[in-house]
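Q: Could we go through this model together? I would like to start with the cysteines and then move on to the helices and the sheet.

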Amino acid sequence: MVGVLADKPLLPVSVLWPFARYVAVGDEPFLQRYGEQFHPFVIGAATNIQAALIKANLEGKVRVVVPCSFDAFLSESNLPSKGHFRSDLNKTMIQLLTFLSKHGSPFFVTISPFVTIHQNKNISLAFSLFKETAHPHNDSHRTYKNSFDLSYDTLVNALSTVGFPKIDIVVAQIGWPTDGATNATPSIAETFVKGLINHLHSKLGTPLRPRDPPIETYIFSLLDEDQRSITTGNFERHWGVFTFDGQAKYQVDFGQGSKNLVNAQNVEYLPSKWCVVNNNRDLSNASARASEACYVADCTALSPGGSCFNISWPGNISYAFNSYYQQHDQRTDSCDFGGLGLITTVDPSVGNCRFSVELHTSQSDSLHRACYFQWTTLLTTILVCLLRFTL
C-alpha cells in the first residue's frame, strides 16, 4: 500500500509494482474533524492516479483506493440495520463507490473497537475483545457477539443504503493501543489481536455477510509513532505491535511460521543517560517546566490509565524532562529547565513506566536519502507479508 497526497504519488508509479497492491489516495480524508475541505479533490485525485496506472500498464495489478475513517458511517441507535454514511458525505461517497466499482477496487475502511468503547457506554470491554462471556447485542433476528461484527455490518448496511451492497471490503486499519488511556495496555491489546485473528480465521463472516469476511485485514500498526497527532486521544501514539525501537510488546501468531514476534536486533541507542529533576533545587516551578517540556515531547504515558500515570511527584516531572532530553538527542542544554534538570546514568524507570533512551541516528543526510527507498520497500514488504490476512 502506497500513500498519495492530492494527485501526486509518494513513489513514482513506475516503481510501485511488484511491491504495491494498492495506491491509497490520502489518509482518511473524510475524517469528521476535517469537515468537507478534501471532499472536492478526492475523486479527481483518484481519477488521475487511475489514468497513470493505465498508462504504466498496471491497471488490474495495482488498485486505487481511498481509506475511509471509522466515523464516516454511523448508527444513532447503535444497530447495524440503521447504519448509514454521514449526511455530508453522501454525494461524495456515491461518487467514490461508483469509481471503485468501475475499476474493481475494494472499499477501504478503518474499524476501531477501542475508540468505539470509549464513545459508547453500551459497549463492554468483553464485547470488544471477542470474549465468549460477553453479553450479545440483538438487532431484529440478528445476534452480534462482538464489536467488530457490529461495526462491520453497520458499514455493510450503509453501503447497501447507497446502492452498493456487494462491494468488497478491506479493513485497512484495526488495532488496539497499549498506552495513553484506560484499557490501553499490552495485555489487553494481545487479547484483542488474538481474538481478531481467530475470528478472521474462522471465516464465519458477519450476520449480514455470513461466510464472507473482509477480503483483507491490516493490523494497525507496526511501530509506535511519538509524533502522531493526539487530537483523538493520547493513545494515538501507542498503536504499535512493536515499541519505537522494535521490541515486541506482546506475542501473537501472525501465521508466518513462527508463533513469536522477533525483536529488532543490534539496535543502536544513545548512551545510557537520562534527564531527571534535581531534588536539591527549589521545585516550586517544576510543574510549569514539565508542562513546557510536554508541549514538545511525548508525555502521553502520563495520561490517566497510562503506564506512567501512577508514578509519584516529582517522578512525573522527571519523565517529562527525560522525554524532552531524549527527543533532543541528549544535548546537555536540553536538560537544563532553568537549573532543575540533572543528567544521571542511573535508570529512573519505575515498574511498567519506562524512561526511554533515544535511538542513535546517522548524521549524514546523504545516507538517509540513500536508505529511504530501501526502507520504504522493506516496510511495504513487511506489511504485506506479515500483517495481511488473505482469507
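The conversation below takes up the disulfides, a sheet, and two helices in turn.

Q: Before anything else, what kind of model is this, and which pLDDT limits apply?

A: It is a predicted model, in which local features need pLDDT of at least 70 and side-chain atom pairs count only at pLDDT 80 or more, while totals for chains, interfaces and linings use all residues. Residues are numbered from 1 along each chain as its sequence is written, and side-chain values use heavy atoms, with hydrogens and water left out.

Q: How many disulfides does the structure hold?

A: There are 3 disulfides, a disulfide being a pair of cysteine sulfur atoms within 2.5 Å. With the bonded cysteines of the chain numbered in sequence order, the pairing reads 1-5, 2-3, 4-6.

Q: Which cysteine is joined to Cys275, and where do the two lie?

A: Cys275 is joined to Cys335, with an S to S distance of 2.0 Å. This pair links distant parts of the chain, 60 residues apart: Cys275 is in strand E12 (residues 274–277), and Cys335 is in the loop between helix H8 (315–327) and strand E13 (341–344). Helices (H or I, at least four residues) and strands (E, at least two) are DSSP runs, numbered from the N terminus.

Q: Is that disulfide right-handed or left-handed?

A: The torsion about the S-S bond of Cys275 and Cys335 is about 90 degrees, so the disulfide is right-handed.

Q: And are Cys275 and Cys335 buried or exposed?

A: Cys275 counts as buried because its relative accessibility is 0%, and Cys335 is buried as well, at 5%. Buried means under 20% relative accessible area, exposed over 50%, and partly exposed in between (1.4 Å probe, protein chains only).

Q: What about Cys294 and Cys299?

A: They form a disulfide with their sulfur atoms 2.1 Å apart. The torsion about this S-S bond is about -85 degrees, so the link is left-handed. Cys294 is partly exposed, with a relative accessible area of 26%, whereas Cys299 counts as buried at 13%.

Q: Which parts does the disulfide of Cys308 and Cys353 tie together?

A: The S to S distance from Cys308 to Cys353 is 2.0 Å. Cys308 lies in the loop between helix H7 (286–296) and H8, and Cys353 in the loop between E13 and helix H9 (365–386), so the pair ties together parts 45 residues apart in sequence. With 100 degrees about the S-S bond, the link of Cys308 and Cys353 is right-handed, and both cysteines are buried.

Q: Staying with H8 for a moment, what is Asn322 in contact with?

A: Asn322 lies in helix H8 and counts as buried because its relative accessibility is 2%. Leaving aside neighbours within four places in sequence, Asn322 is in contact (heavy atoms within 4.5 Å) with Lys273, Trp274, Cys275, Phe355 and Ser356.

Q: Changing topic: in what order do the strands of the open sheet come?

A: The 3 strands are ordered E7-E10-E11, with parallel pairing; two strands pair if DSSP finds at least two bridges between them. Strand E7 (107–110) and strand E11 (216–219) stand at the edges with a single partner strand each, so one side of each is left without a neighbour in the sheet.

Q: How many bridges join E7 to E10?

A: E7 and strand E10 (residues 169–174) are joined by 4 bridges and run parallel. Val109 has Val171 as its bridge partner in E10.

Q: Now helix H6. What covers its buried residues?

A: The cover includes helix H3 (113–119), helix H4 (125–128), helix H5 (147–161), E10 and E11. The buried residues of H6 are Ile188, Ala189, Phe192, Val193, Gly195, Leu196, Ile197, His199 and Leu200.

Q: What comes just after H6?

A: Lys203, just after H6, takes a positive phi of about 55 degrees.

Q: Finally, where is Ser187, and is it buried or exposed?

A: Ser187 is in helix H6 (residues 186–202). Ser187 counts as partly exposed because its relative accessibility is 47%. The C-alpha atoms of Ser187 and Lys249 are separated by 8.7 Å, although these residues are 62 residues apart along the chain.
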